[in-house]
Amino acid sequence: MDWRLEGSTQRVESPVLQGEEGVLEETGEDGLPEGFQLLQIDAEGECQEGETLATGSTAWCSKNVQRKQRHWEKIVAAKKSKRKQEKERRKANRAENPGICPQHSKRFLRALTKEKLLEAKHSGPRLCIDLSMTHHMSKKELSRLAGQIRRLYGSNKKADRPFWICLTGFTIDSPLYEECVRMNDGFSSYLLDIKEENCFSLFPLETLVYLTPDSEHALEDVDLNKVYILGGLVDESIQKKVTFQKAWEYSVKTARLPIQEYMVRNQNGKNYHSQILAINQVFDILSTYLETRNWPEALKKGVTSGKGYVLRNSVE
């Protein structure tokens, strides 16, 4: 009886053992049976993008990942379709309106701007920003001046006939240079000249015209053979005749904008009237006049209402 029981027990367990041996024979590279590997994959839930099994087939992804993938593919397809439709629309507009100039790419516009700036360097007009008076300026004043330089350069790039800009009396180890780099993106790659020497030693004195509100002579025209100088000075205490005195020391001609000739004082609550402008405002006036040859239009561009002046014809 005992032998029979043992024998029966062996006969019953033997298939199980054989089955286990069969399972152990089919194992993966990590030594785990394939059944356990499948369970491990299902437990992980989501798979990494691009992950592959040892056989080279793509890993199984959860429904959530598949849904996100389909959503992303729809977005990409929609963008491609939109670009195609926009391209066809521009093509149809060019066919209907052959006289209208097509829109140029940003690369083309940058190349065109560079070409115009380099042309101004050789043929004029030229403009110097005298930065030799910044040593006594405060941190706040330097920041304001750096912002004015940024706006001036931006306006010059957009001009149909730009000036060639030269920053004189300017050193790369100065606080103003550090402020320009901090405030102005890409300042080190600006298309302009940076000179440590002052403007009076870089150009013949007879070609220089220092623009200062304290001059007795009104500027009548913009001469391409002249080099116009703007004083890079932000002085909240408003010291008078600083730039005029400097020009007088070097026997350089001076001129002021013809504000008095084309504008009149306007009554305001503060009774404030000033002809002192920021360098970017002066530049906007010069640039507009160079394109239009019209002083009233140019002055309207740069002299804001806050200065207390308006054009004569607007009062009459």
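Here are three short exercises on salt bridges and strand pairing, each with a worked solution.

This is a predicted model, in which local features need pLDDT of at least 70, side-chain atom pairs count only at pLDDT 80 or more, and totals for chains, interfaces and linings use all residues. Residues are numbered from 1 along each chain as its sequence is written, and side-chain values use heavy atoms, with hydrogens and water left out.

**Exercise 1. Find the salt bridge partner of Glu 179 and say where the two residues lie.**

Step 1. Start with the criterion: a salt bridge is a side-chain nitrogen of Lys or Arg within 4 Å of a carboxyl oxygen of Asp or Glu. The structure holds seven of them.

Step 2. Look around Glu 179: its partner is Arg 182, with the closest N and O atoms 2.4 Å apart.

Step 3. Place the pair. Both residues belong to helix α6 (residues 175-183) and sit three residues apart, about one turn of the helix. Helices here are DSSP runs of H or I with at least four residues, strands are runs of E with at least two, and both are numbered from the N terminus.

Step 4. Check the exposure, where buried means under 20% relative accessible area, exposed over 50%, and partly exposed in between (1.4 Å probe, protein chains only). Glu 179 is buried at 3%, whereas Arg 182 is exposed at 55%.

Step 5. Widen the view: Lys 139 joins Glu 179 and Arg 182 in a network of salt bridges.

**Exercise 2. Work out which parts of the chain the salt bridge between Asp 221 and Arg 293 ties together.**

Step 1. Confirm the contact: the closest N and O atoms of Asp 221 and Arg 293 are 2.4 Å apart.

Step 2. Locate both ends. Asp 221 lies in the loop between β4 (208-211) and β5 (227-231), and Arg 293 in the loop between α10 (279-292) and α11 (295-302), so the pair ties together parts that are 72 residues apart in sequence.

Step 3. Compute the accessibility: Asp 221 is partly exposed at 39%, and Arg 293 is partly exposed at 41%.

**Exercise 3. Describe the surroundings of strand β1 (residues 126-130).**

Step 1. Judge its cover: four of the five residues of β1 are buried.

Step 2. List its partners, given that two strands pair if DSSP finds at least two bridges between them. β1 pairs in the parallel sense with β2 (residues 164-168) over five bridges, and it pairs in the parallel sense with β5 over five bridges.

Step 3. Pick out residue partners: Ile 129 is bridged to Leu 167 in β2, while Leu 127 stands opposite Tyr 228 in β5.
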